[in-house]
Amino acid sequence: MTRLRQRSQGAIIAMAAGVSLLGLVPLGYVAVTAILTGAPSLAALIFRARVGELLANTAGLVLITVPLCALVGVAAAWLVERTRLAGFRAFAILLVVPLAIPAFVNSYGWVSAVPSLNGLWSGVLVAGLSYFPLVYLPTVVALRRLDPAVEESARSLGVAPLGVFLRVVLPQLRLPILGGSLIIGLHLLSEYGAFALIRFDTFTTAIVEQFRSTFNGPAANALAGVLVLCCLFLLVGESGARGGARYARIGAGSARPAERSRLGAWTLAAYLFLGLLVLLSVAVPVASVGRWLISGGLAAWSDRYLFTALGQTIGYGIVGALVTCLLAFPIALLAVRFPGRTARILESINYVTSSLPGLVTALAFVTVAIRLVPALYQSAALVIVVYLLMFLPRAIVNLRSGLAQVPPNLEEAARSLGRRPLVAFATVTLRFVMPSALAGAALVFLGIVTELTSTLLLAPNGTRTLAIQFWSRVNDIDYAGAAPYATLMILLSLPVTYLLFARSRSEAMAVNSL
Amino acid sequence: MRGIGKRYGPTPVLESIDLVVPAGSKTVIVGSSGSGKTTLLRLLSGFDFPDAGTIRIGSEIVVGPGVVVPAHRRGIGHVAQDGALFPHLTVGQNVAFGLDRHDRGDRTAIVADLLGLVSLDPSLASRRPDELSGGQQQRVALARAMARKPGVMLLDEPFSALDTGLRAATRELVAAALSSAGVTTVLVTHDREEALTFGDQVAVLRDGRLAQVGTPATLYSAPADLATARFLGAAVVFDALASAGKVHCALGLVALSSSLEGACTALFRPEQLVVETTATGADAAGCIARITAIEFQGATQLLTLELAGARAIEVPVTSGATYRPGDLVVLRALGDAVVFAAS
């Protein structure tokens, strides 16, 4: 029995380690190129006015957008979850819709509506409107989980409602706010399309430009190194701010939902705020896409690549989601069934890797492929590997929570009824995990459908995904021709976004895996 | 409280509740789950508002026609079922939460005093709430509420989540702390032992109405109706006929304390019933019964007795005496029977 357990644990660790080893490639690539370039040339590449300018732009973007998103996300979550605004259910759904609109499509919508957009503040506007749901959604989930008795205690201790919010509610929301802010920060660092469209230069846009002009020069690599440092800085900063905080709900508590407050004179202001938010984040991009659809007419839909692109996108999405879920399985299983140092290390490698911009991961694999396995260069397999590393945590998080809900003694019961271990696992555990696996797969699918940057760098010649076709139309200033592609991407993303919303209601999905 | 009514949708939860809680006393509101007792407490603390009636604290009306004082201005302490400590603060910060700003200087000393009041070590102040046991959390919650020196303290089933042994000890400690501070206390519970031991006054709430209000002893010995009687303790009940200050039931002729006449229900507490061997012989105030089953319970043993003309009854006796199933015994009642008119 014990030997069997050890053997299966060994096999699981081997599989998990294989995936995680792959995950070390991007960081390894950054480190190795830094060493090969040598300190003097590296310094010459990094300490230039241009890099300083990019750093200022990127830092400004992150420092303004993240707090703004946190503020807007928390305010919206509170209004939807804790007040008696009529129509709060409709707002609850509308406020997650921006997640279905890729940031570069949102940017395209905004540039169409306001062609003069450019620079830092435009970047803040567009990115903020795309990403605030990443704070909003986890905050809603957390608000729903808070024990209302704790807030009542504060009131009976003589604290007015505003004080209760600031001193009791807000501190308990620290983890979802920090987690959401971190993800927004990472998105800001890695987004290319949205900022390129409004001519706002960040590290990522500069690296892509560099890569296009000099292919794989040391300048792009040096910039990538700085970008990776920025990411690691955010990761460390967030985990530092998180500290040892673990706000376990003490005691059993009741499942009683919290009281919703009346806004009184503030009702109008609340409607204005929510209405404006939905208008800017959903209505503007959707209306722009609609306007281009109308002006493009049927001709735009007869684009001969449209259905090729749809097919290729769905193909990449499905294969990528399947591969990712399959390879996430050993890691999730290890974390649930054999928790410990090994499991933690293997898991966190994947989190760090996926936090790196897809651009850096793509650059790393382009280089590795050219140097070591030329056959893989410009192959669909390489694209899938990069997708895998980018989106692995989405699958791991969901599989893990699914596996954790399967009582191991069910599997033991099946074995005591004469099933062999593997059969017992397949017939009992796998069936239970299926819903979480599908949710994870759907999220990976969503990521792949809307992934632009790394696909641009990696895809074999002739690849036409929706994102790539959209981008090439936009670059040819054929905005009407791009509209059908934008529409299809939004339509493909909507069901998954709804799934995310629905599962956040049942608290089953870790929203933070986006 | 006068004429308090509250409904959720079409269902009335509380109807015309009148209750006076004397200053400095301890009142227990007891009822089974769904009786509306927690709702009543929430109306008092201001977390919820009645549809009808007036609540007055001292001379101030806190809820009434055109008046609603919000929870944070009522000066009422509230201890929730599981303590509801702030999970993001330490024990000390929890206790100091309600202190005024000008108390800031000697905060540590005040917190230590308050923790002492509920018999907790001041060194606990730096701990996190989730590092404490349930009983300790409950006492921290009380200390936190006491920090504001409230005139009224509301306790919502504060001991129900604790283990049996811990429950009694924590209850005594809390009662002592509240008495020494002279705080008017209202405790809500579904536990009859808690109801009878904690308060000076007990109010029985059933289906949203107050069934009876009085001292614990009165309620136990002179319950207003059969349901209240059964709720407050074990009861042995016979069909009976009352006439001229005596009641005739399966036990024979027993004195009664009311002037009821005619068909009725006679109620005895099990400790009123005495079991004797047949050697003493039956008389007017006793009857012959047959033991059909014996359950050993430690200090006592529970006899199931069969009587002529009545359902089988259960009577506890000390473990010392030896009985066997099938033995005949004499069953006698001590004290008066409580009777209710037959429905």
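These legends accompany close-up views of a predicted model, with chains A and B taken in turn.

**View 1. Helices H5 and H6 of chain A meet at an oblique angle.** Let us start with helix H5 (residues 103–113) and helix H6 (residues 120–131) of chain A, whose axes lie 9 Å apart and make an angle of about 130°. An angle of about 130° is neither over 145 degrees nor between 65 and 115, so H5(A) and H6(A) count as oblique to each other. Their crossing is right-handed. On the H5(A) side, look for Ala103(A), Asn106(A), Ser107(A) and Trp110(A); H6(A) answers with Val126(A), Ala127(A), Leu129(A) and Ser130(A). Of the residues in this contact of H5(A) with H6(A), 5 are nonpolar and 3 polar, with no charged ones.

**View 2. Helix H3 of chain A packs against helix H10 of chain A.** Here helix H3 (residues 49–82) and helix H10 (residues 174–190) of chain A have axes 9 Å apart, at an angle of about 145°. H3(A) crosses H10(A) in the right-handed sense. From H3(A), the view takes in Thr58(A), Leu61(A), Val62(A), Thr65(A), Val66(A), Cys69(A), Ala70(A), Gly73(A) and Val74(A). They meet a set from H10(A) made up of Ile177(A), Gly180(A), Ser181(A), Ile184(A), Gly185(A), Leu188(A) and Leu189(A). Sorted by character, the contact of H3(A) with H10(A) holds 10 nonpolar and 6 polar residues, and no charged ones.

**View 3. Ile477 of chain A has a positive phi.** Ile477(A) is worth a pause: its phi is about 55°, although Ile477(A) is not a glycine. As background, most residues other than glycine have a negative phi. Where does Ile477(A) lie? Ile477(A) belongs to the loop between helix H22 (466–475) and helix H23 (479–505) of chain A. Is Ile477(A) buried or exposed? Ile477(A) is exposed, because 9 other C-beta atoms lie within 10 Å and the limit for an exposed residue is 12 or fewer.

**View 4. Chain A touches chain B.** In this view, 22 residues of chain A are in contact with 24 residues of chain B. On the chain A side, helix H8 (148–156) and helix H9 (161–172) each supply at least two residues. H8(A) gives the most to this side, with 7 residues. The chain A residues that touch chain B comprise 12 nonpolar, 6 polar and 4 charged.

**View 5. Helices H4 and H5 of chain B run roughly parallel.** Moving to chain B, the axes of helix H4 (residues 134–146) and helix H5 (residues 164–181) come within 10 Å and cross at roughly 15°. Why do H4(B) and H5(B) count as roughly parallel to each other? The crossing at roughly 15° falls under 35 degrees, and H4(B) and H5(B) are therefore roughly parallel. The crossing of this pair is right-handed. H4(B) contributes Gly135(B), Gln138(B), Arg139(B), Leu142(B) and Met146(B), while H5(B) contributes Leu166(B), Thr170(B), Val174(B), Ala177(B) and Ala181(B). The contact of H4(B) with H5(B) comprises 6 nonpolar residues, 3 polar and 1 charged.

**View 6. A hairpin of chain B has Asp207 between its strands.** Strands S10(B) and S11(B) pair in the antiparallel sense over 5 bridges. One of the pairings to pick out joins Val202(B) to its bridge partner in S11(B), Gly214(B). The hairpin has 2 residues between the strands, and Asp207(B) takes a positive phi near 50° in it. Asp207(B) sits in the loop between strand S10 (201–206) and strand S11 (209–214) of chain B. Asp207(B) counts as partly exposed because 15 C-beta neighbours lie inside 10 Å.

**View 7. Five strands of chain B form an open antiparallel sheet.** Follow the sheet across in the order S14-S13-S12-S15-S21 (chain B). At its edges are strand S14 (252–255) and strand S21 (338–341) of chain B, each pairing on one side only. On average, and ignoring direction, neighbouring strands of this sheet are turned by 40° against each other. Within the sheet, strand S12 (residues 236–243) and strand S13 (residues 246–249) of chain B form an antiparallel pair over 3 bridges. Ser243(B) has Lys246(B) as its bridge partner in S13(B).

Technical notes:
Residues are numbered from 1 along each chain as its sequence is written. Chains are lettered from A and ligands numbered from 1 in the order in which they are written. This is a predicted model: local features need pLDDT of at least 70, side-chain atom pairs count only at pLDDT 80 or more; totals for chains, interfaces and linings use all residues. Helices (H or I, at least four residues) and strands (E, at least two) are DSSP runs, numbered from the N terminus. A residue is buried if 20 or more other C-beta atoms lie within 10 Å of its own, exposed if 12 or fewer, and partly exposed in between; C-beta atoms are placed from the backbone. Axes are lines fitted to C-alpha atoms, for helices over the stretch in contact, and angles run from 0 to 180 degrees between N-to-C directions. A crossing is left-handed if the near helix is turned anticlockwise from the far one by less than a right angle, and right-handed if clockwise. Two residues are in contact if their C-beta atoms, placed from the backbone, lie within 7 Å. Ala, Val, Leu, Ile, Met, Phe, Trp, Tyr, Cys and Pro count as nonpolar, Asp, Glu, Lys and Arg as charged, and the others, Gly among them, as polar. Two strands pair if DSSP finds at least two bridges between them.
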